[in-house]
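The following note is addressed to a colleague who is meeting this structure for the first time. Its points are numbered so that each may be read beside the sequence and the coordinates.

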Amino acid sequence: MSKSNFTRRGVLKSGAVAGAGVALPTIFTASSAAAYMNEPTGGSVTLGFNVPQTGPYADEGADELRAYKLAVEHLNGGGDGGMMNTFSSKALQGNGILGKKVEYVTGDTQTKSDAARASAKSMIEKDGAVMITGGSSSGVAVAVQALCQEAGIIFMAGLTHSNDTTGKDRKANGFRHFFNSYMSGAALAPVLEKMYGNDRKAYHLTADYNWGYTTEEAVKSSTEAMGWETVNAVKTPLTQTDFSSYIAPVLQSGADVLVLNHYGGNMVNSLTNAVQFGLRDKEVNGKNFEIVVPLYSRLMAKGAGANVKGIFGSTNWHWSLTDEGSKAFVRSFGEKYGFPPSQAAHTTYVQTLLYADACERAGTHNPCGVAEALEGFEFDGLGNGPTLYRAEDHQCFKDVLVVKGKENPTSEFDLLEIVEVTPAEQVTYAPDHPQMGGADASLGTCNDGA
Amino acid sequence: MLGLAKKDFTLLAVVVGLTLLAPFILNPFPEGSGMAQFNAGYPDLMQRFVIFGIFAIGFNILFGLTGYLSFGHAAFLGVGSYAAIWMMKLVTTNVIPAMILAIIVAGAFALLVGFITLRRSGIYFSILTLAFAQMSYALAYSVLTPITGGETGLQLKLNDPRILDSALVGGDQARANLFGVNMSSSYEMSVGGWLFTFNAGYYIAAIVMILAFYMAIRIFRSPFGLMLRAVKSNQQRMNFTGLNSRPYTLAAFVISGMYAGLAGGLMVAMDTQVGPERMFWTASGEVVLMTILGGAGTLIGPVLGAGMIKYMENIISKINSTILHQWFAWMPDGLEDFVVAVIYPFIGKGWHLTLGIIFMLVVIFLPGGLVEGGQRIAGLFRRKKTADETSTTPAE
């Protein structure tokens with residue numbers, strides 16, 4: 001039973017306590033005196049590597065982390081220097097960043113936005129990181145990018161392919177080196193036209209979330225532009241593991257190309273199902289039935305095994321490239337870990353180098369100075385040929401690789417072969433392109449957290 | 001005082017003391033020392049401690065008192081979060097209206113879900129609530145993308161309407177605030193090697209948690225609370241005496257849902273971002289773990305459990321092999337590698353494993369949770385007093 005015993009004295013006392021409690025936060029609102037957020041004051045500078053260590057993309061995360069460690073080693077003057085030797089900008093000395101030794105903290109995003117933000121926040125608030133990088137899903141990248149914008153930290157996106165990261169959700173403090181859905185569509189279309197003709201009927205199976213939507217839209221619009229017809233586009237739940245019920249209607253639809261807008265485990269399963277159903281041996285409308293996978297990765301190709309043979313897709317980078325930068329990177333990564341790097345490893349390594357280089361050129365770790373140095377920066381020698389970091393949306397524009405599953409793989413890493421390198425001009429779009437959020441999308445202004 | 005018995009008032013006073021002094025208590029190690037790794041006194045984690053504390057307190061009102069195990073409580077947290085972020089996007093970035101709307105919407109949703117699921121009890125009830133939560137998750141993830149932002153979730157944007165707020169000037173961003181006090185503003189106090197951070201958002205969340213805790217005490221000690229305990233001990237007998245238990249369980253379910261909504265609203269207030277995975281079944285399972293780990297049916301238990309799990313998730317998961325090697329660098333090389341190899345599976349990405357082991361140990365040896373552990377330790381020092389006086393028996 002409750003008993004009320006309100007006395008005048010009691011009410012006054014508790015009122016005073018509550019009042020003091022409410023007043024407390026307003027007393028402590030002075031911000032610190034640093035010139036910008038987490039200004040490195042000692043002899044070292046801390047970077048935050050925020051990658052999925054558990055969950056569906058843990059493999060990609062592990063490879064990203066390997067690349068980050070390699071990049072830190074190279075920045076601090078260890079190892080053989082990797083791509084620092086082939087990079088067109090020579091600002092990096094191998095003595096850390098601006099003479100400060102590079103240290104790092106790691107965190108687990110669990111491929112969940114909340115966990116990723118919690119981990120990034122602890123890096124910013126507890127460990128004093130000046131830059132956060134990583135991520136292997138667009139949802140996480142968008143969430144962490146927004147956090148870094150609020151906090152006044154630079155975000156260098158890792159593996160994120162959705163248009164939104166540098167499209168409708170672009171931020172002044174966020175930068176992406178990886179390519180995007182639009183570029184995949186634009187790069188694939190000419191190759192598909194050459195291989196399969198311009199009179200095809202396509203059927204899309206699309207993972208039911210943002211990345212799936214933007215990829216479907218990109219592939220649809222670029223294939224329709226060359227004369228293909230889209231018969232149907234079906235959304236599949238992300239958690240689906242058996243796609244048989246989605247594959248069966250494809251044959252009845254009269255389509256002769258199946259586009260799988262799936263990534264990771266989804267793609268492995270849907271492709272395996274499609275091949276098991278004998279789709280590739282069928283002949284529809286007098287043409288061979290074909291399958292296309294817009295975004296390929298080596299880890300996916302490994303999962304799908306022999307089923308990927310002859311199937312076209314696009315990728316950001318592949319270790320079999322023979323330019324000097326790629327060779328240097330594959331060599332130092334291979335020497336350290338014993339196998340070639342994945343595209344996720346490549347993009348994260350490059351992002352770390354680009355950040356460090358921008359600090360050197362700007363002469364400061366201040367995020368606004370770094371952002372200015374990165375905007376409109378043209379560079380070469382990092383594995384993708386001449387590349388531009390566009391100032392309007394902080395997206396890198398570079399050549400896109402169209403690959404296909406190798407018919408006779410020689411090792412478990414040698415699963416993809418490069419069919420064509422689509423030049424950057426062909427995949428470039430206007431910053432206010434409708435697929436990129438249209439005229440509404442804006443970077444906002446740079447925030448240094450001061 | 002405040003309508004509480006002396007013992008409850010002491011408990012409330014202890015909770016108030018702990019939450020207000022948390023920046024000191026959670027940062028026991030000086031900056032830069034090897035042990036600083038274990039400091040938890042940074043704003044984000046402190047905010048999470050109290051927010052998940054509120055979530056667990058609310059869950060405990062349902063599970064601890066009535067014994068109904070809801071396995072879908074994260075849905076209310078998520079719904080509250082979405083309500084709060086829309087309030088911030090459309091009306092004002094002040095956190096108070098956002099939290100109020102979060103509580104109302106979550107309460108309404110709990111009323112609907114509770115009305116349907118409370119027709120069954122036991123495992124069927126758990127499965128029904130789980131189904132509702134997974135349904136909400138799936139809807140938020142894809143079907144309702146226009147409202148929920150899908151996988152990417154929702155954030156504050158520069159071009160949101162915010163009809164009550166004045167337009168942003170220059171490079172300003174929309175930020176969650178309480179009458180102009182920015183949630184992320186902090187005051188840092190450095191004493192010797194120590195650095196203590198007093199964060200505005202944390203103190204606002206802490207005051208809300210203290211209020212929520214006070215409410216929970218009042219509910220526990222009220223005739224209504226007694227009725228809920230009766231449901232737990234023997235619902236059939238209660239029904240046979242002519243009492244209809246449905247209104248009581250439904251009320252408990254809705255109150256508990258409103259607590260979850262409040263926690264969701266606060267999460268948005270502290271960190272303006274919502275994603276659907278907040279409603280995933282693992283999030284629902286987490287609050288069950290928090291409550292059981294701390295001690296179901298006790299007042300302080302769920303708060304302790306929430307703190308424990310969030311600490312593991314944020315601190316243990318960040319220890320990596322490099323840090324281990326630093327710690328054991330004094331050992332001979334071979335031994336160092338061996339020790340690191342033994343410990344490595346339990347830290348970093350292995351934090352789930354450590355948590356699992358602790359959970360098993362607690363459930364097997366301390367069925368009453370951490371609270372029982374505390375009571376046993378206290379009992380060792382106070383042998384003279386009778387045992388039943390020192391132990392607060394959990395609700396049966």
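**Notes on a predicted two-chain model**

1. *An unusual backbone angle in a loop.* A:N285 lies in the loop of chain A that connects β9 (283-284) with β10 (287-288). The structure is a predicted model, and in it A:N285 has a positive phi of about 55° although this residue is not a glycine. Most residues other than glycine have a negative phi. Is A:N285 buried or exposed? A:N285 counts as exposed, because 11 C-beta neighbours lie inside 10 Å, and the cut-off for that class is 12 or fewer.

2. *A second residue of this kind.* A:L98 also has a positive phi, of about 50°, and is likewise not a glycine. A:L98 belongs to the loop between α2 (58-75) and β2 of chain A. With 16 other C-beta atoms within 10 Å, A:L98 is classed as partly exposed.

3. *Confidence.* The model has an ipTM of 0.83 and a pTM of 0.85. For chain B the average pLDDT is 88, and 96% of the residues score at least 70.

4. *Domains of chain A.* Chain A is divided into domain 1 (44-179 + 320-389) and domain 2 (182-315). Taken over C-alpha atoms, the centres of these two domains of chain A are 31 Å apart. Where they meet, 13 residues of domain 1 are in contact with 14 residues of domain 2. On the domain 1 side of this contact, α2 and α4 of chain A are the elements that give two or more residues. The residues on that side of domain 1 comprise three nonpolar, seven polar and three charged.

5. *Contact between the chains.* How many residues does each chain bring to the contact? Chain A contributes 50 residues and chain B contributes 43 residues. On the side of chain A that touches chain B, at least two residues come from each of α1 (8-27), β2 (101-108), α3 (113-125) and α4 (138-151). By class, that side of chain A holds 13 nonpolar, 23 polar and 14 charged residues.

6. *The largest nonpolar core.* In soluble globular proteins, nonpolar side chains tend to be buried together. The largest nonpolar core here has 238 residues, and those touching the most other members are A:I153, B:I54, B:F55, B:A84, B:Y259, B:A263 and B:L266. Domain 1 and domain 2 of chain A each supply at least three residues to this core. Apart from its neighbours within four places in sequence, B:Y259 is in contact with B:I54, B:F55, B:I57, B:G58, B:I61 and B:A212.

7. *A hairpin in chain B.* Strand β4 (residues 186-191) and strand β5 (residues 194-199) of chain B pair in the antiparallel sense over six bridges. Within this pairing, B:S190 has B:L195 of β5(B) as its bridge partner. Two residues separate β4(B) from β5(B) in the hairpin, and B:G192 in the turn has a positive phi of about 60°.

8. *A three-stranded sheet in chain A.* An open sheet of three strands follows the order β13-β14-β15 in chain A, with antiparallel pairing. Its edge strands are β13 (378-379) and β15 (396-397) of chain A, each pairing on one side only. Between β13(A) and strand β14 (residues 387-389) of chain A there are two bridges. Which residue of β14(A) is the bridge partner of A:E378? The partner of A:E378 is A:L388.

Note on methods. Residues numbered from 1 in each chain as written. Chains lettered and ligands numbered in written order. Predicted model: local features only at pLDDT ≥ 70, side-chain atom pairs only at ≥ 80, totals over all residues. Contact = placed C-beta atoms within 7 Å. Helix = DSSP H or I, 4+ residues; strand = E, 2+ residues; numbered from the N terminus. Nonpolar A, V, L, I, M, F, W, Y, C, P; charged D, E, K, R; others polar. Pairing = 2+ DSSP bridges. Buried ≥ 20, exposed ≤ 12 C-beta atoms within 10 Å, placed from the backbone. Core = buried A, V, L, I, M, F, W, Y, C linked by C-beta atoms within 7 Å. Domains from an automatic or database assignment. pLDDT = per-residue confidence, 0-100.
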